[in-house]
Amino acid sequence: MTGSRIPGLLVPAVLLLALAVGVCWYWLHRDDD
């Protein structure tokens, strides 16, 4: 695997992970005041 291909795969993966974490955090805390 070349170095130029890694960021192209890593960036979307990190964004999807961050989105999943944000949704899970929101879902767990949606009932908080």
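These exercises walk through a predicted model of one chain.

**Exercise 1. Overall build**

Find how many helices and strands the chain has, and state the box its C-alpha atoms fill.

Solution.
- Start with the secondary structure. The chain has one helix and zero strands.
- Next, take the helix limits. Helix α1 covers residues 5–29.
- Then turn to the box. Along the principal axes, the C-alpha atoms fill roughly 50 × 10 × 5 Å.

**Exercise 2. Surface of the chain**

Work out what share of the residues counts as buried, and which atoms supply 73% of the exposed area.

Solution.
- Recall the cut-off: buried means under 20% relative accessible area.
- Apply it to the chain. Of its 33 residues, 0% are buried.
- Now take the area. About 3300 Å² is exposed.
- Carbon and sulfur atoms supply 73% of that area.

**Exercise 3. The annotated region**

Locate the feature "transmembrane region" and describe the chain there.

Solution.
- Look up the record. An unreviewed UniProt entry places this feature at residues 6–28.
- Check the secondary structure of residues 6–28. The stretch is 100% helix and 0% strand.
- Take the ends of the stretch. Their C-alpha atoms are 33 Å apart.

**Exercise 4. Buried, partly exposed or exposed?**

Place Gly 22, Tyr 26 and Asp 31 along the chain, then classify each one.

Solution.
- Set the limits. Exposed means over 50% relative accessible area, buried under 20%, and partly exposed lies in between.
- Gly 22 is in helix α1. Its relative accessible area is 36%, so Gly 22 is partly exposed.
- Tyr 26 also lies in helix α1. Its relative accessibility is 53%, so Tyr 26 counts as exposed.
- Asp 31 sits in the segment after α1. Asp 31 has 60% relative accessibility and therefore counts as exposed.

**Exercise 5. Distances along the chain**

Give the sequence separation and the C-alpha to C-alpha distance for Gly 22 and Val 11, Tyr 26 and Val 11, and Asp 31 and Pro 7.

Solution.
- Gly 22 and Val 11 are eleven residues apart in sequence and 16 Å apart in space.
- Tyr 26 and Val 11 are 15 residues apart in sequence, with 22 Å between them in space.
- Asp 31 and Pro 7 are 24 residues apart in sequence, and 37 Å separates them in space.

**Exercise 6. Side-chain features**

Which residues make the nonpolar surface patch of about 260 Å²? Which ring does the charged end of Arg 30 sit over? How many aromatic pairs does the structure hold?

Solution.
- Begin with the patch. Ile 6, Leu 10 and Val 14 make it. Of these, Leu 10 lies in helix α1.
- Move to Arg 30. Its charged end sits over the ring of Trp 27, 4.0 Å from the ring centre.
- Finish with the aromatic pairs. The structure holds zero.

Technical notes: Residues are numbered from 1 along each chain as its sequence is written. This is a predicted model: local features need pLDDT of at least 70, side-chain atom pairs count only at pLDDT 80 or more; totals for chains, interfaces and linings use all residues. Side-chain values use heavy atoms; hydrogens and water are left out. Helices (H or I, at least four residues) and strands (E, at least two) are DSSP runs, numbered from the N terminus. Buried means under 20% relative accessible area, exposed over 50%, partly exposed in between (1.4 Å probe, protein chains only). Accessible areas come from the Shrake-Rupley method with a 1.4 Å probe; for residues, only the protein chains shown count as cover. UniProt positions are given in the numbering used here, feature names are shortened, and annotations may be inferred rather than shown by experiment. Rings of Phe, Tyr and Trp (its six-membered ring) pair if their centres lie within 6.5 Å; planes under 30 degrees apart count as stacked, over 60 as edge-to-face and the rest as tilted. A charge sits over a ring if NZ of Lys or CZ of Arg is within 6 Å of the ring centre and within 35 degrees of the ring normal. Patches are made of residues with over 30% relative accessible area and no salt bridge: like charges are joined within 9 Å, nonpolar side chains (Val, Leu, Ile, Met, Phe, Trp, Tyr) within 5 Å. A salt bridge is a side-chain nitrogen of Lys or Arg within 4 Å of a carboxyl oxygen of Asp or Glu.
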